[in-house]
Amino acid sequence: PSVPGHTNRLIKEKSPYLLQHAHNPVDWYPWGQEAFDKARKENKLIFLSVGYSTCHWCHVMEEESFKNEEIGEIMNKNFVCIKVDREERPDVDKVYMTFVQATSGGGGWPMSVWLTPDLKPFAGGTYFPPEDGVHRVGFRTVLLRIAEQWKENKDALLENSQKILEALRHVSEVCVQGQDSPPPSKEVMATCFQQLSNSYDEDYGGFSKSPKFPTPVNLNFLFTYWALHRTTPEGCRALQMALHTLRMMAHGGIHDHVGQGFHRYSTDQHWHVPHFEKMLYDQGQLAAAYSRAFQISGDEFLADVAQDILLYVSRDLSDQAGGFYSAEDADSYPTAASEEKREGAFCVWAAEEIRALLPDPVEGAAEGTTLGDVFMHHYGVKETGNVDPRKDPHQELKGKNVLIAQSSLELTAQRFGLEPGRLDVLLREGRHRLSAARAQRPRPHLDTKMLAAWNGLMISGFAQAGVALGKQEYMSRAAQAAAFLQRHLFDPASGRLLRSCYRGKDNTVEQSPVPIQGFLQDYVFVIQALLDLYEASLEQGWLEWALELQRTQDKLFWDSSGFAYFSSEAGDPSLLLRLKDDQDGAEPTANSVTVTNLLRAACYSGRTEWVEKAGQILAAFSERLRKIPLSLPEMARATALFHHTLKQVVICGDPQGEDTREILRCVHSVFSPNKVLLLADGDTSGFLYRQLPFLASLERKDGKATAYVCSNFTCSLPVTSTQELRGMLAP
């Protein structure tokens with residue numbers, strides 16, 4: 001690579017996204033006091049650009065505008081320019097995205113916002129093309145107009161920014177209104193089910209026409225709805241909607257059939273042509289969703305998809321120290337000699353490439369049939385490419401194919417006169433050869449930042465898959481990652497989590513000179529992970545740490561007057577608003593997940609104030625839950641758990657004994673969303689016995705491993721038969 005012509009302050013940062021911009025002609029600053037002081041001292045406006053390292057349009061705007069010398073000059077002369085990685089600083093991103101959405105009706109990344117020297121927003125948008133077009137004003141024009149406004153109308157602009165801030169404060173407030181109590185779960189669940197049912201795509205699954213996102217929160221809601229209404233037509237429909245969606249996604253191009261894992265979303269209705277980046281938070285949540293789907297249905301195909309996701313994460317997103325990386329980019333160089341990157345280049349195929357890789361004649365099929373013929377038929381490969389030009393605005397995928405399983409194994413087998421089992425072996429061989437060929441291509445950029453929150457989601461994915469699929473190696477991988485968090489993203493002296501750490505030189509784990517403190521999301525997803533890991537491994541140390549983190553979360557984020565948790569800590573003067581997220585999107589919102597965490601934590605500790613807090617969160621979001629629960633499916637699910645009271649399933653037994661293991665296998669085989677699992681191993685000096693004195697009164701029956709199902713610390717008669725226990729576990 002040639003020597004860069006420019007280097008700015010971002011060269012000292014650890015974030016891969018900030019480092020991508022370290023050689024722009026723009027004089028970028030990271031978010032921090034140095035930039036704020038410069039803006040105030042020179043009385044300059046701030047231009048804030050927020051994105052992340054695997055964001056396609058962020059790359060486009062950088063290529064077109066931030067690498068342009070002339071535009072760089074305009075930016076440096078008139079503004080203090082700040083770059084933020086939204087994955088490192090979700091708090092900063094959320095404040096200004098709230099502004100952009102409120103003023104433009106849309107949002108997304110890259111986000112471009114202009115701020116007064118005291119950080120108040122007054123103009124903003126997302127991607128801007130460099131020059132004026134027929135329908136859009138160009139970035140250069142916007143920069144010059146805003147600089148002019150600041151010279152001519154400074155006072156009006158400042159006054160306006162103050163009004164905007166007041167309005168934002170008002171619209172974004174989430175708090176208890178008067179005597180609000182938690183909304184009735186029956187009504188919330190029914191409305192949410194109806195809203196999902198109305199938006200459901202009967203043909204292809206999913207809950208929109210296009211673009212289509214995996215949205216695991218919807219699927220989890222439907223599984224819980226089914227579990228609580230399994231004998232009703234609505235319950236059956238809920239399960240059918242979730243399973244059909246998961247199967248269609250697994251057959252689609254959003255699923256990487258050659259390299260495993262899932263891309264971020266589909267640009268079309270058929271789950272066919274994706275945006276090709278792969279995000280850790282999707283892999284974690286989808287591994288859990290496919291594992292649950294297998295637990296409920298017994299369909300091995302769904303178990304295979306869960307294992308496929310975990311293979312991808314173990315191979316491509318795992319740090320040798322035990323943590324998980326954030327994402328893999330969509331764009332890469334088509335060949336080692338290519339000058340520019342293209343979206344999807346690593347993942348797509350020309351028909352002739354596949355023919356050349358799979359020339360073998362297929363025994364038993366019609367004369368002249370090759371492995372390539374069979375493979376191309378099954379995966380919808382066309383000679384001229386299978387991507388609709390309307391889904392490829394930059395013509396980056398012209399003549400290429402995104403693999404999509406267009407017919408069942410049975411139909412393809414029938415077409416070529418083969419046994420389904422034999423066809424399966426042939427397709428596997430085809431995928432294996434394509435994988436080897438793909439390994440020769442330049443890989444997409446890997447974002448090696450490791451975030452506490454996303455690592456939490458992935459630990460849950462491994463732990464839940466370990467339980468549902470009965471695989472010890474997945475539980476071990478979850479434990480390895482939890483130990484990594486404890487070592488690298490936790491400060492035992494203060495009891496606090498840190499947000500992020502980074503892969504450094506020589507593959508060591510590095511931390512920023514000033515580490516970023518954990519946000520609410522980090523605590524919530526890590527606590528959920530530790531509770532899941534305890535249920536998988538029954539190691540009490542994880543439970544102890546989870547309850548300790550819950551107490552810290554209460555201290556740092558709880559809103560004692562309006563209820564629910566703020567997304568960020570108090571005391572950061574650069575944050576204009578302390579917000580509470582109110583939408584379950586690609587990731588569930590922290591307040592939604594924390595309701596279930598609090599209910600589970602109360603079962604393990606006997607602390608009833610945690611149940612009270614869970615109710616207060618539901619009360620704070622009551623209006624939204626009654627009217628549009630579709631925007632909070634994870635919280636809607638939690639209202640049912642709040643009203644149904646969790647069942648404590650206590651197993652008295654020796655953790656190593658075969659009788660204990662048999663009972664645990666029975667518990668793990670049943671999908672029961674309102675249970676928590678405890679092992680009473682007889683060590684009365686242990687952590688759980690100290691937390692829950694009632695455990696000491698539970699005994700093994702006839703010396704055998706014995707189960708008790710308890711509610712509000714009142715227990716059923718002892719059970720030693722797995723058949724009897726299975727009947728008691730249904731909600």
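**Figure 1. Close-up of the disulfide between Cys-710 and Cys-715 in the predicted model.** Cys-715 counts as partly exposed because its relative accessibility is 27%, whereas its partner Cys-710 is buried, with a relative accessible area of 0%. The structure shown here and in the views that follow is a predicted model. The two cysteines, Cys-710 and Cys-715, are joined by a disulfide with an S to S distance of 2.2 Å. The torsion about the S-S bond of Cys-710 and Cys-715 is about 100 degrees, so this disulfide is right-handed.

**Figure 2. Close-up of the disulfide between Cys-55 and Cys-58.** The structure holds 2 disulfides, and the one in this view joins Cys-55 to Cys-58, with an S to S distance of 2.2 Å. The link of Cys-55 and Cys-58 is right-handed, with 85 degrees about the S-S bond. Both Cys-55 and Cys-58 are buried. When the bonded cysteines are counted along the chain, the disulfides follow the pattern 1-2, 3-4.

**Figure 3. Close-up of two cysteines, Cys-236 and Cys-347, that are in no disulfide.** With the disulfide pattern of the chain being 1-2, 3-4, Cys-236 is in no disulfide, and the nearest cysteine sulfur, which belongs to Cys-192, is 18 Å away. Cys-236 is partly exposed, with a relative accessible area of 44%. Cys-347 is likewise in no disulfide, and in its case the nearest cysteine sulfur is that of Cys-55, 17 Å away. Cys-347 has a relative accessible area of 15% and is therefore buried.

**Figure 4. Close-up of the salt bridge between Asp-91 and Arg-89.** The structure holds 45 salt bridges, one of which is formed by Asp-91 and Arg-89, with the closest N and O atoms 2.9 Å apart. Asp-91 counts as buried because its relative accessibility is 9%, and Arg-89, with a relative accessible area of 16%, is buried too.

**Figure 5. Close-up of the salt bridge between Arg-355 and Asp-373.** In this pair, the closest N and O atoms of Arg-355 and Asp-373 are 3.0 Å apart. Arg-355 lies in helix H13 (residues 351-357) and Asp-373 in helix H14 (residues 371-378), so the salt bridge ties together parts that are 18 residues apart in sequence. Arg-355 has a relative accessibility of 35% and therefore counts as partly exposed, and Asp-373, at 24% relative accessibility, also counts as partly exposed.

**Figure 6. Close-up of the salt bridge between Asp-532 and Arg-600.** The side chains of Asp-532 and Arg-600 meet at 2.8 Å, N to O. This pair links distant parts of the chain, since Asp-532 belongs to helix H19 (residues 520-537) and Arg-600 to helix H21 (residues 590-605), and the two residues are 68 residues apart. Asp-532 is buried, with a relative accessible area of 10%, and Arg-600 is likewise buried, with a relative accessible area of 10%.

**Figure 7. Close-up of the salt-bridge network of Asp-85, Glu-87, Asp-447 and Lys-449.** Salt bridges that share partners join Asp-85, Glu-87, Asp-447 and Lys-449 into one network.

**Figure 8. Close-up of strand E4 and the strands paired with it, E2 and E5.** Strand E4 (residues 111-115) is mostly covered, 5 of its 5 residues being buried. In a regular strand the side chains alternate between the two faces of the sheet. Both faces of E4 are covered, as Met-111, Val-113 and Leu-115 on one side, and Ser-112 and Trp-114 on the other, are all buried. Strand E2 (residues 45-51) runs antiparallel to E4 and is joined to E4 by 5 bridges, and Phe-47 stands opposite Trp-114 in E4. Strand E5 (residues 121-125) also runs antiparallel to E4, with 4 bridges joining the two, and here Leu-115 stands opposite Pro-121 in E5. In the hairpin of E4 and E5, which has 5 residues between the strands, Leu-119 takes a positive phi near 75 degrees.

**Figure 9. View of the domains along the chain.** The chain is divided into domain 1 (10-172), domain 2 (347-440) and domain 3 (648-729). The centres of domain 1 and domain 3, taken over C-alpha atoms, are separated by 56 Å.

Notes: Residues numbered from 1 in each chain as written. Predicted model: local features only at pLDDT ≥ 70, side-chain atom pairs only at ≥ 80, totals over all residues. Heavy atoms only, no water. Domains from an automatic or database assignment. Disulfide = S-S within 2.5 Å. Buried < 20%, exposed > 50% of the residue type's maximum accessible area, 1.4 Å probe, protein only. Salt bridge = Lys/Arg side-chain N within 4 Å of Asp/Glu carboxyl O. Pairing = 2+ DSSP bridges.
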